[in-house]
Amino acid sequence: MSKIQTVSALEILDSRGNPTVSVTVTLNNGITASAGVPSGASTGIKEAVELRDGDAKRYGGKGVQKAVANVNKVIAPKLKGKRPADQKAIDDLMRSMDGTETKSKLGANAILGVSMAVCRAAALDADLPLYVYLRQLHRGRAGYVLPAPMMNVVNGGAHATNNVDFQEFMLFPIGAPSFAEALRYGAETFHTLKKLLQKRGLVTAVGDEGGFAPNLKTNTEAVDVILEAIRAAGYKPGNDIAIALDPAASELYDAGEYVMKKSDGSRKSPADMVTLWGEWVTRYPIVSLEDGMGEEDRDGWLALTKALGKKLQLVGDDLFVTNPKIFADGIRDGMANAILIKLNQIGTVSETLETVALAQKSGYAAVISHRSGETEDAFIADLAVGTGAGQIKTGSACRSERIAKYNRLLAIEKELGKRARYGGATFKAGTA
């Protein structure tokens, strides 16, 4: 049986030019696999903890030499001789070595890099595509699903320096017959949107995830101009392309109220926010709303779920942080009806798969997601197909770290052929 021979880490840069961790695992039969770890800007307070050096003389304190050293000097010796196929045992061993709830001792960035690289090495050792191997680990159901992409085309909030309060306004091409066509729908609309913004004299520089970041008169103008672009590109809003939102409301939550910090400074109560989203859903073809309330606003989440939970997908990101224990409590309390899945929020592949399985068992949708600070690693594309999640967030139709995931999904779709279906048909929306 193949065994792990070496594990080594390297400090590399992510898509924002900040340090992150890359890990390479080599097996005794010569197979080598690497993985790059993403990093978030808008983060939940209960997320697994990235270990940063805090040395202001290097990368403004954001260096990851401590995490790299933990891989090379602490984790690597313990994994030598282990079977790469024992994913959960390896992940559990690293969690035990760390000994904290949030992986703050060794660093979730260190642990996740190893976990992903081990998984990729095991897939290569088994001579399987990564998505097939992940499906086996996940004990996936019959049939493959190519995910419907949520394409972030207007950025605001913590992902841009404009005056838009809400973080992500996304194209959701639910009416496409395939992933390849969904990507085409989105890319064509993205380029049409750029022309419309330029015609209005607005900036078309992009934010962290590749979406445009113009200064707009109101938050609703972002949706209005997107709908205009959808129509101008020749598509029907709500039928071909719906809207998905991620306001990242935790970033707005302050002393029990929501403050529109970047636009007019107005304050809204939790009840006001529920009313706002109800109005938006009535007015626009919105089928998915992520983090519509702040992670600490439990009563707000319950009110939002009661008001809109049967009308659209309500995704918990900061609320659940891909943590199976926290998520189980949320399911019990009846908060949201979907969960965002981010590998680095929890820090291991096996815990990520556990959380997806819990969602699917409990009737919650799962949306596989990138982070705003990404690498060229396309692991999440295979994860989306391997778990049958049916939805993916991986940014706009530009920036190579985002396109890498889309291109990987195109390759998977071609490889699977008629064995796969497209996940967009799950959603239905009215026409704006």
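Accessible areas here come from the Shrake-Rupley method with a 1.4 Å probe. On that basis, the surface of the protein, which is a predicted model, adds up to about 16,600 Å². Carbon and sulfur atoms account for 50% of that area. As for what lies inside, 60% of the 432 residues count as buried.

The overall dimensions fit with this picture of a globule. A compact globule of 432 residues would be expected to have a radius of gyration near 22 Å, and the protein comes in at 21 Å, so the two agree. Along the principal axes, the C-alpha atoms take up a box of roughly 60 × 50 × 45 Å. The secondary structure consists of 13 helices and 16 strands. What about contacts along the chain? Counting those between residues at least 6 apart in sequence, 70% bring together residues at least 24 apart.

Charge is next. The protein carries 53 positive side chains and 49 negative ones. The centres of these two sets sit 4 Å apart.

Turning to individual residues, S2 sits in the segment that precedes β1 (4-13). With a relative accessibility of 17%, S2 falls under the 20% cut-off and therefore counts as buried. The side chain of S2 has two polar contacts to report: one with the side chain of N29, at 3.1 Å, and one with the side chain of D125, at 2.8 Å. Setting aside neighbours within four places in sequence, the residues in contact with S2 include N29 and D125 themselves, along with L27, N28, K82, R83 and P84.

Backbone geometry turns up a couple of residues worth a look. Most residues other than glycine have a negative phi. Against that background, D127 has a positive phi, near 60°, and T322 also has a positive value, of about 55°, although it is not a glycine. Both residues are found in loops: D127 between α3 (108-125) and α4 (130-138), and T322 between β12 (313-316) and α9 (324-333).

Are these two loop residues buried or exposed? D127 has a relative accessible area of 70%, which is over the 50% cut-off, so D127 is exposed. T322, on the other hand, has a relative accessible area of 0% and so is buried. The positive phi near 60° thus belongs to an exposed residue in the case of D127, while the one of about 55° belongs to a buried residue in the case of T322.

Note on methods: Residues are numbered from 1 along each chain as its sequence is written. This is a predicted model: local features need pLDDT of at least 70, side-chain atom pairs count only at pLDDT 80 or more; totals for chains, interfaces and linings use all residues. Side-chain values use heavy atoms; hydrogens and water are left out. Helices (H or I, at least four residues) and strands (E, at least two) are DSSP runs, numbered from the N terminus. The radius of gyration is taken over C-alpha atoms; the globule rule is 2.2 Å times the number of residues to the power 0.38. Buried means under 20% relative accessible area, exposed over 50%, partly exposed in between (1.4 Å probe, protein chains only). Contact means heavy atoms within 4.5 Å. Lys and Arg count as positive and Asp and Glu as negative; His and the chain ends are not counted. The place of a charge is taken as NZ of Lys, CZ of Arg, CG of Asp or CD of Glu. A polar contact is a pair of N or O atoms within 3.5 Å; within protein, one must be able to donate a hydrogen and the other to accept it, and residues adjacent in sequence count only if both atoms are side-chain atoms.
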